[in-house]
Amino acid sequence: MRCGSPFYASGDADFGYDVTDHCAVDPRMGDLATFDALLAEARARGLRVLVDYVPNHTSIEHPWFADSRTSRQAARRDWYVWADPRRDGGPPNNWRSVFGGSAWTRDPPTGQYYLHSFLGEQPDLNWRNPEVEAAMLDVLRFWMDRGVDGFRIDAAEHLLADPELRDNPTSETGDPQAKRLGEYDTQRHLHDRGHPDVHALYRRIRRRLDRHPSGPRVALAEIVPEPGVGLAHWASFYGRALDEIHLPLNLTLPSLPWDAAAFQDTVDAVERAVPAGGWPTIVLGSHDERRVASRYGPDQARCLLVVLLTLRGTPVLFNGDELALTDSPVPAGEARDPWGRRQAEFNRDRGRAPMPWTSGDHAGFTAGAQPWLPLPEHPQALSVGVQAEDPESTLTLTRRLLALRRDLPVLRRGGYVSVRGPADVLAYERRDDTHRVRVLANFAQDARRVALDGAGWELAVSSSGEAALDADAPALGAHAAAVLVRHTS
Ligand code: GLC
């Protein structure tokens, strides 16, 4: 499964995540007929299409907000979260925007502040207003009627905050399982997101998805685990009766250091946190992260592709990671990303380079136009066209792993068993009634030999040509991973 980005009409302050019309296509990308054609072409190739759903906020230019801000009596005043200044004129409370600074902006026409969990150009909708809920559920219906197969719910946890607008407590906890967000991490996000009422809302959303006349649809949701809080809150979004989000995205892996124990502990913790009957997701890259190959290195990226495609759950592959694409070399001070312009260390342009397709101009991404971000270095050599012909390429490795998943039901549906390997080696098994699959990933800078229990193991795939199975003990090169299979019946 790949994760996309919004293509709706937008004010373009946050690359489509500030929507001006949830039911229209950005004219620079086409129109609804273009979308219908895309859907039909995808169907013809056996692909399903999920679209981004951005429910937490709109663009400041959305007609709803344009009306809301005109006066306190405006018809849509209560469609957004407005509050009076504190006595000293400052913002109503201490909540921070994910992108830095206060989560409140004072609006001169009425003197009140409006809430924005992200940019000031992205005012938060007030989902406590039943009219907002009805309008936004209509958006889901609109896209389901058009035939989409599901949604990636953006900023899913932010939809409902504390109605009393209480201050967040400060936080000093660190947690390797959570993404670091800078200034935003100085608070515990107790009141500004994830209010308990959000669960009833997701049950209502789920019913809409389940009961659409042309069949049920799937929901993935972006829920970022909070430092120091563990994974129980994240896992609560499956719903007590598995009646909320089908697939809360597991965003724990991209923040980890290159350390086998950190990966093993985190994968095990996620497996423990997913409720019985719930289905995990595996995410290593996204449009919000640096490229895997730049974060850890190109061999490491190949090693992690093996992990991505063999862990239990639905793998989510960010386009380009199947090529071990590296970051876009965006010159310092030239960030396009609004977050990167405020805080250079968070510049998301880096992971958003255009996809290199061929060895032509701009690596075949566009003809006669300048790509919106610089391509990574050596884009032609990394391109799909070149890698498809190379038996040792990362694309070929990805295809081999996907073929193995198709061939072996144990990789798709088998259980997960954590195996403590030697130091620096991530080790686990997938098991069903007929197969055991052992995955070994060597995080060390030198080769490792790993003893296996019993005979009969076969080497199915390895991330480097160096891996060899010798006397039932595979030797793994530096930063290499191997998949071993054994029939058990
Ligand atoms: C999510 C998106 C991110 C966007 C933000 C605000 O985190 O993944 O790209 O900037 O929401 O909509």
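**Salt bridges and a helix contact in the predicted model**

With a relative accessibility of 37%, Asp453 counts as partly exposed, because the partly exposed class lies between the limits of 20% and 50% relative accessible area. In this predicted model, Asp453 forms a salt bridge with Arg438, and the closest N and O atoms of the pair are 2.7 Å apart. The two residues link distant parts of the chain, since Asp453 is in the loop between strand 15 and strand 16, Arg438 is in strand 14, and they are 15 residues apart. Arg438, in contrast to its partner, is buried, with a relative accessible area of 7%.

Across the whole structure, a search finds 35 salt bridges. Asp288 and Arg348 form a salt bridge with a closest N to O distance of 3.2 Å; Asp288 lies in the loop between strand 10 and helix 7 and Arg348 in the loop between helix 9 and helix 10, so the pair ties together parts that are 60 residues apart in sequence. Both Asp288 and Arg348 are buried. Arg348 also meets the side chain of Asp337 in a salt bridge of 2.8 Å, N to O, and Asp337 is likewise buried. A network of salt bridges links Asp14, Asp288, Asp337, Arg348 and Arg352.

Helix 1 (residues 32-44) and helix 3 (residues 130-146) pack at an angle of about 55°, with their axes 11 Å apart, and the two helices are therefore oblique to each other. Leu32, Phe35, Asp36 and Leu39 of helix 1 make the contact with Phe142, Trp143 and Arg146 of helix 3. Of the residues in this contact, five are nonpolar, none is polar and two are charged.

Methods: Residues are numbered from 1 along each chain as its sequence is written. This is a predicted model: local features need pLDDT of at least 70, side-chain atom pairs count only at pLDDT 80 or more; totals for chains, interfaces and linings use all residues. Side-chain values use heavy atoms; hydrogens and water are left out. Axes are lines fitted to C-alpha atoms, for helices over the stretch in contact, and angles run from 0 to 180 degrees between N-to-C directions. Helices (H or I, at least four residues) and strands (E, at least two) are DSSP runs, numbered from the N terminus. Angles under 35 degrees count as roughly parallel, over 145 as roughly antiparallel, 65 to 115 as roughly perpendicular and the rest as oblique. Contact means heavy atoms within 4.5 Å. Ala, Val, Leu, Ile, Met, Phe, Trp, Tyr, Cys and Pro count as nonpolar, Asp, Glu, Lys and Arg as charged, and the others, Gly among them, as polar. A salt bridge is a side-chain nitrogen of Lys or Arg within 4 Å of a carboxyl oxygen of Asp or Glu. Buried means under 20% relative accessible area, exposed over 50%, partly exposed in between (1.4 Å probe, protein chains only).
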